[in-house]
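Let's take a walk through this one together. Have the sequence and the model side by side, and we'll start at a single loop before working toward the middle of the fold.

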Amino acid sequence: MARPEITGKRSADNDADCYSIDEFCRRNRISVQLFYKFPKQMPTTFRIGTRRLVSKEAAQRWRREREQAGAQS
(Lines give C-alpha, C1' and ligand atoms only; values in the text may rest on other atoms or scores of the structure.)
Protein backbone atom coordinates (compact mmCIF):
# COMPACT_ATOMS: atom_id res chain seq x y z
CA MET A 1 0.00 0.00 0.00
CA ALA A 2 1.36 3.42 -0.94
CA ARG A 3 2.02 5.96 1.77
CA PRO A 4 -0.52 8.82 2.12
CA GLU A 5 2.14 11.46 1.48
CA ILE A 6 2.81 9.82 -1.89
CA THR A 7 -0.81 9.31 -2.97
CA GLY A 8 -2.14 12.55 -1.50
CA LYS A 9 -4.82 10.66 0.42
CA ARG A 10 -5.38 11.53 4.04
CA SER A 11 -6.05 8.93 6.66
CA ALA A 12 -9.54 8.93 8.16
CA ASP A 13 -8.47 9.84 11.69
CA ASN A 14 -6.83 13.10 10.54
CA ASP A 15 -10.32 14.52 10.03
CA ALA A 16 -11.79 13.15 13.24
CA ASP A 17 -13.20 15.53 15.84
CA CYS A 18 -12.35 13.03 18.58
CA TYR A 19 -10.17 9.99 19.03
CA SER A 20 -10.56 6.68 20.78
CA ILE A 21 -7.96 5.95 23.45
CA ASP A 22 -6.16 3.62 21.02
CA GLU A 23 -6.14 6.26 18.26
CA PHE A 24 -4.94 8.97 20.64
CA CYS A 25 -2.11 6.79 21.91
CA ARG A 26 -1.07 5.71 18.42
CA ARG A 27 -1.07 9.33 17.16
CA ASN A 28 1.04 10.47 20.12
CA ARG A 29 3.27 7.39 20.19
CA ILE A 30 2.50 6.39 23.75
CA SER A 31 1.26 3.05 24.98
CA VAL A 32 -2.31 2.49 26.10
CA GLN A 33 -0.88 1.12 29.36
CA LEU A 34 0.86 4.47 29.96
CA PHE A 35 -2.41 6.29 29.31
CA TYR A 36 -4.18 4.33 32.04
CA LYS A 37 -1.19 4.27 34.42
CA PHE A 38 -0.97 8.09 34.62
CA PRO A 39 -4.57 9.30 34.17
CA LYS A 40 -3.95 12.71 35.79
CA GLN A 41 -1.26 13.47 33.20
CA MET A 42 -3.46 12.54 30.24
CA PRO A 43 -6.04 14.65 28.41
CA THR A 44 -9.62 14.85 29.60
CA THR A 45 -11.97 12.31 28.09
CA PHE A 46 -15.70 11.94 27.65
CA ARG A 47 -18.05 9.01 27.17
CA ILE A 48 -20.47 8.23 24.38
CA GLY A 49 -22.26 5.10 25.48
CA THR A 50 -19.50 2.70 26.47
CA ARG A 51 -16.80 4.42 24.39
CA ARG A 52 -14.27 6.71 26.02
CA LEU A 53 -13.05 9.46 23.67
CA VAL A 54 -10.55 12.33 23.59
CA SER A 55 -11.63 15.49 21.77
CA LYS A 56 -9.29 17.05 19.22
CA GLU A 57 -9.09 20.19 21.38
CA ALA A 58 -8.18 18.21 24.51
CA ALA A 59 -5.46 16.39 22.57
CA GLN A 60 -4.00 19.69 21.33
CA ARG A 61 -4.13 21.20 24.82
CA TRP A 62 -2.43 18.09 26.25
CA ARG A 63 0.40 18.32 23.69
CA ARG A 64 0.95 22.02 24.44
CA GLU A 65 1.10 21.30 28.19
CA ARG A 66 3.59 18.46 27.65
CA GLU A 67 5.78 20.69 25.46
CA GLN A 68 5.74 23.48 28.06
CA ALA A 69 6.57 21.04 30.85
CA GLY A 70 9.48 19.67 28.82
CA ALA A 71 10.81 23.15 28.08
CA GLN A 72 10.79 24.08 31.78
CA SER A 73 12.78 21.06 32.94
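Start with serine 31, which sits in the loop between H2 and helix H3 (32–37). Keep in mind as you look that this is a predicted model. Serine 31 comes out at 34% relative accessibility, so it counts as partly exposed. For a sense of distance, look back to isoleucine 21: the two are ten residues apart along the chain, and their C-alpha atoms are separated by 9.8 Å.

Arginine 29 belongs to the loop between H2 and H3 as well. Its relative accessible area is 76%, and with the line for exposed drawn at over 50%, it is exposed. Check its backbone too: phi is positive, about 55 degrees, although the residue is not a glycine. That's worth a glance because most residues other than glycine have a negative phi.

Now zoom out. How many helices and strands does the protein chain have? There are four helices and three strands, and reading along the sequence gives you the pattern α-β-α-α-β-β-α. The protein chain has 73 residues, and 25% of them are buried. Take the contacts with a separation of 6 or more: 42% of these join residues 24 or more positions apart. On the outside, the protein chain exposes about 5900 Å², with carbon and sulfur atoms supplying 50% of that.

Time to go inside. The largest nonpolar core is made of twelve residues: Ala16, Tyr19, Ile21, Phe24, Cys25, Ile30, Phe35, Met42, Val54, Ala58, Ala59 and Trp62. Helix H2 (21–28) and helix H4 (56–72) each put at least two residues into this core.

H4 deserves a closer look. With 17 residues at 1.5 Å a residue, it should span 24 Å, and its end C-alpha atoms are 25 Å apart, so the two values agree. Which residues of H4 are buried? They are Ala58, Ala59 and Trp62. Viewed down the axis of H4, the buried residues fall within an arc of 100 degrees, so they line one face of the helix. The spacing rule is a familiar one: an α-helix has 3.6 residues a turn, so residues three or four places apart point the same way. Swing round to the other side of H4 and you'll find Glu67, Ala71 and Gln72 exposed.

What do the buried residues of H4 pack against? Their partners are strand E1 (18–20), H2 and strand E3 (51–55). Pick out alanine 59 to see this in detail: setting aside neighbours within four places in sequence, it is in contact with Tyr19, Phe24 and Val54.

Follow that trail to E1, where you'll find serine 20. At 16% relative accessibility, serine 20 falls under the 20% cut-off and so counts as buried. Beyond its neighbours within four places in sequence, serine 20 is in contact with Arg51, Arg52 and Leu53.

Last stop, the cysteines. Cysteine 25, one of the core residues, has 1% relative accessibility and therefore counts as buried. Cysteine 18, at 26%, counts as partly exposed. A disulfide is a covalent bond between the sulfur atoms of two cysteines. How many disulfides does a search of the whole structure find? The search finds zero.

How values were computed:
Residues numbered from 1 in each chain as written. Predicted model: local features only at pLDDT ≥ 70, side-chain atom pairs only at ≥ 80, totals over all residues. Heavy atoms only, no water. Core = buried A, V, L, I, M, F, W, Y, C linked by side-chain atoms within 4.5 Å. Buried < 20%, exposed > 50% of the residue type's maximum accessible area, 1.4 Å probe, protein only. Contact = heavy atoms within 4.5 Å. Expected span 1.5 Å × (residues − 1). Arc of directions from axis to C-beta. Disulfide = S-S within 2.5 Å. Areas by Shrake-Rupley, 256 points an atom, 1.4 Å probe, with all protein chains shown as cover.
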